[in-house]
Amino acid sequence: MKKMLGASLLALVLGAGVAHAAEERLIVVSGAAEKSLDPNLVNLTVEVWSKATTAKQAQQLAAQQFKQMKKTLDDFKIKKEDVQTDNYSLTPEYEYDQKLRQNKMIGFRVSQTLLVTLRKVEDAGNFLDALVSEKKTMDSGVNVNSLAWDSDKRSQVETATLGDAVRSAKAKAEEIAKAAGVKVKGVSKISHTMSGGGPQPIFRNYGLKAMAESASTEVAAGQIKVRVEVTAEYEIN
């Protein structure tokens, strides 16, 4: 008898759950908003490299090149916390020997990649030029591998944009409900994604010789776009 009663109660509970799920009525909408802001940061990926017949010589050349680059960082008053070594490698270099038909080690290469943040966007062009030594050499140098604009106000703008995106979704839901002759009761579920960007000049292998022989570098900051998209499910009666 107890087993039958328990089974009956379980069936009632499960039946109520199924009925509730069947009664759930939703309007699913998406909303988006976008804002623009002026960049006040420049993020660069800078590579200091050298090569020589021995590992020690390659390291010494790299150290000299780094010392020179460090002076440039100091001249532009870049703080220590805005410079971070992202990667360091010391690797052998090979070239293919046609006579022996095999790779032959010809020396070593040192590469140190740094992430640098410049907080004066108006100095970006001059900073790029200053990173390059006037001394031309094929054994060491500095490459600027990438440059991207950013802002320390991005988080605030994203929050403000998120509110606009939610209001956009709500307005859509209410318009749909009105047209359908129903009313919005409340939010059942909501999620969001953020994206943003702006003009991002990329400097691939922009090395010592190319920079030294070019005119003064000019870069255009443009504006950063912050876009927020939301997907919302609204309960209706």
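In this predicted model, Leu44 touches residues well away from it in the sequence: leaving aside those up to four places off, its contacts are Leu114, Leu115, Val116, Leu118, Phe127, Leu128, Val144, Ser146 and Leu147. Leu44 belongs to the largest nonpolar core, which has 18 residues. Within that core, Leu44 and Phe127 are the members that touch the most others. Several elements build this core, with at least two residues each from β2 (41-52), α2 (55-75), β4 (102-118), α3 (124-130) and β5 (140-150). A second core, separate from this one, has 13 residues, among them Ile27, Val29, Ala165 and Val230.

Phe127 also takes part in an aromatic pair, and the structure holds one such pair. Its partner is Phe76. A pair of aromatic rings is described by the distance of the centres and the angle of the planes. Here the centres are 5.2 Å apart and the planes stand at 75°, so the pair is edge-to-face; the cut-off for that label is over 60 degrees. Phe76 sits in the loop between α2 and β3, while Phe127 sits in helix α3, so the pair ties together parts that are 51 residues apart in sequence.

Are the two rings' residues buried or exposed? Phe127 has 1% relative accessibility and therefore counts as buried. Phe76, at 22%, counts as partly exposed, because buried means under 20%.

The strand β4, one of the contributors to the largest core, also pairs with β3 (residues 83-97). The two strands run antiparallel and are joined by 14 bridges. One of the bridge partners in β4 is Val110, which faces Leu90 in this pairing. Four residues lie between the strands of this hairpin, where Arg101 takes a positive phi near 55°.

Key
Residues are numbered from 1 along each chain as its sequence is written. This is a predicted model: local features need pLDDT of at least 70, side-chain atom pairs count only at pLDDT 80 or more; totals for chains, interfaces and linings use all residues. Side-chain values use heavy atoms; hydrogens and water are left out. A nonpolar core is a set of buried Ala, Val, Leu, Ile, Met, Phe, Trp, Tyr and Cys residues joined through side-chain atoms within 4.5 Å. Buried means under 20% relative accessible area, exposed over 50%, partly exposed in between (1.4 Å probe, protein chains only). Contact means heavy atoms within 4.5 Å. Two strands pair if DSSP finds at least two bridges between them. Rings of Phe, Tyr and Trp (its six-membered ring) pair if their centres lie within 6.5 Å; planes under 30 degrees apart count as stacked, over 60 as edge-to-face and the rest as tilted.
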